[in-house]
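Me: I would like to go through one structure by question and answer. Please keep each reply short and end on the value or name asked for.

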Amino acid sequence: MNVDWTTARRAPRAAMWTRRAALAAGAAALAAPALPQGFAGLGTGADGFALPDRATRLTFPADHGAHPAFRIEWWYLTANLTGADGRPYGLQWTLFRSALRPPSEVETRVGGGRGWESPQLWLAHAGLTTPDRHFAAERFARGGIGQAGVVADPFSAWIDEWEMAGDGFDRLTVGAAAPDFAYALALEASGPLVFQGDRGYSVKSPEGQASHYYSQPFLRGTGTLTLPDGPVQVSGEAWIDREWSSAPLAETQDGWDWISLHLDSGEKLMGFRLRDRVGPPFTSATHVTRDGVATPYGNGALTMSPRATSQVAGRTVPTGWAVRLPAHGIDVDLDAVNPTAWMDLSISYWEGPVRISGSHGGRGYLEMTGYTPD
């Protein structure tokens, strides 16, 4: 049977439900608890999959697309937005690809394989945060049937009708809709792509686990949020992270605390600490000037210390943080716009916008994974 893949990927959502049963095994693989193997299984073995290589030089637009030789990757956008009345909002759009097995040489050449024999699974998350409410939704898809995927040039990442697309990462539109919320944004970059770590080779542990990782932190845009009370016109800043690997965590790393900060000075800061149940956290950071000059920092240069906690979904979660990067005079406190921003999905975690105070003002995003019930 011949299939028009362009038409298939844009088929109405109702036509997709007959495929859901076939995704059950893959969904379980993505969602199953995996604490002995790092958060969400990200510390499992990588036998047969490609591994990040420090000598790799990222190239564009090719690296905006999928890397099926690797086990897992994601296209991840967060936005700090403001309504006309000054009210703060945050949104997230993320597409994950995860492989059930290493692809064959043919599957690698055609971008992961066609039809139901493709080993690729796709999962998407959408979140929307207000000061007093948090909304979250997810979608699952099987690769090879056109329901989800990524094309590098012209760039398009989609699952059903949820889509992020445009001219590379320079000009983009992004949208998602769920029963109780929706959003649509138009974004444009005012600065360059930023390579995290050593020219895009980002180390995650003392043992050397790593990923390929780059960002576009200079997006600004406008759009509409659709909430139960009606539409809201918003504008603000956005940040895209692109990352792929096959075993990015050590087996003893149970989760991470990650930040992306838009400082009032025009500087940007990415930072994370990976929590380890047998040793101290592993940290990494990248400072970016307002002109786009990036300086990476290895383990220990950045400190992230919880300073306030909230009870969320039966868990004690740090929703206030002290963040220090002495090399750039950054000594700030982060406070959640909405401490209850829990993504209660098949893989659950905390994620939402934060306010910045201290040596710098500004706003940003905080993601925290691996926090278990008390």
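Me: Is Arg 97 buried or exposed?
Reply: In this predicted model, Arg 97 belongs to strand β2, which covers residues 88–99. Its relative accessibility is 1%. The cut-off for burial is under 20%, so Arg 97 counts as buried.

Me: Which residues does Arg 97 touch, leaving out those up to four places away in sequence?
Reply: One group of contacts includes Gln 120, Leu 121 and Trp 122. The others are Ala 66, His 67, Pro 68, Phe 70, Arg 71, Ile 72, Glu 73 and Trp 75.

Me: What separates the C-alpha atoms of Arg 97 and His 67?
Reply: Along the chain, Arg 97 and His 67 are 30 residues apart. The side chain of Arg 97 reaches the backbone oxygen of His 67 at 2.8 Å. Between the C-alpha atoms of the two residues, the separation is 9.2 Å.

Me: At what distance from a polar atom of the Arg 97 side chain does the backbone oxygen of Phe 70 lie?
Reply: Phe 70 is among the residues that Arg 97 touches. The polar contact cut-off is within 3.5 Å. For the backbone oxygen of Phe 70 and the Arg 97 side chain, the distance is 2.8 Å.

Me: Which residue in β12 stands opposite Leu 187?
Reply: Strand β9 (residues 181–189) is joined to β8 (residues 171–178) by 8 antiparallel bridges, with a hairpin of 2 residues between them. Strand β9 also pairs with β12 (residues 210–227) in the antiparallel sense, over 8 bridges. Opposite Leu 187 in β12 stands Gly 221.

Definitions and conventions
Residues numbered from 1 in each chain as written. Predicted model: local features only at pLDDT ≥ 70, side-chain atom pairs only at ≥ 80, totals over all residues. Heavy atoms only, no water. Pairing = 2+ DSSP bridges. Helix = DSSP H or I, 4+ residues; strand = E, 2+ residues; numbered from the N terminus. Buried < 20%, exposed > 50% of the residue type's maximum accessible area, 1.4 Å probe, protein only. Contact = heavy atoms within 4.5 Å. Polar contact = N/O pair within 3.5 Å; in protein donor to acceptor, adjacent residues only side chain to side chain.
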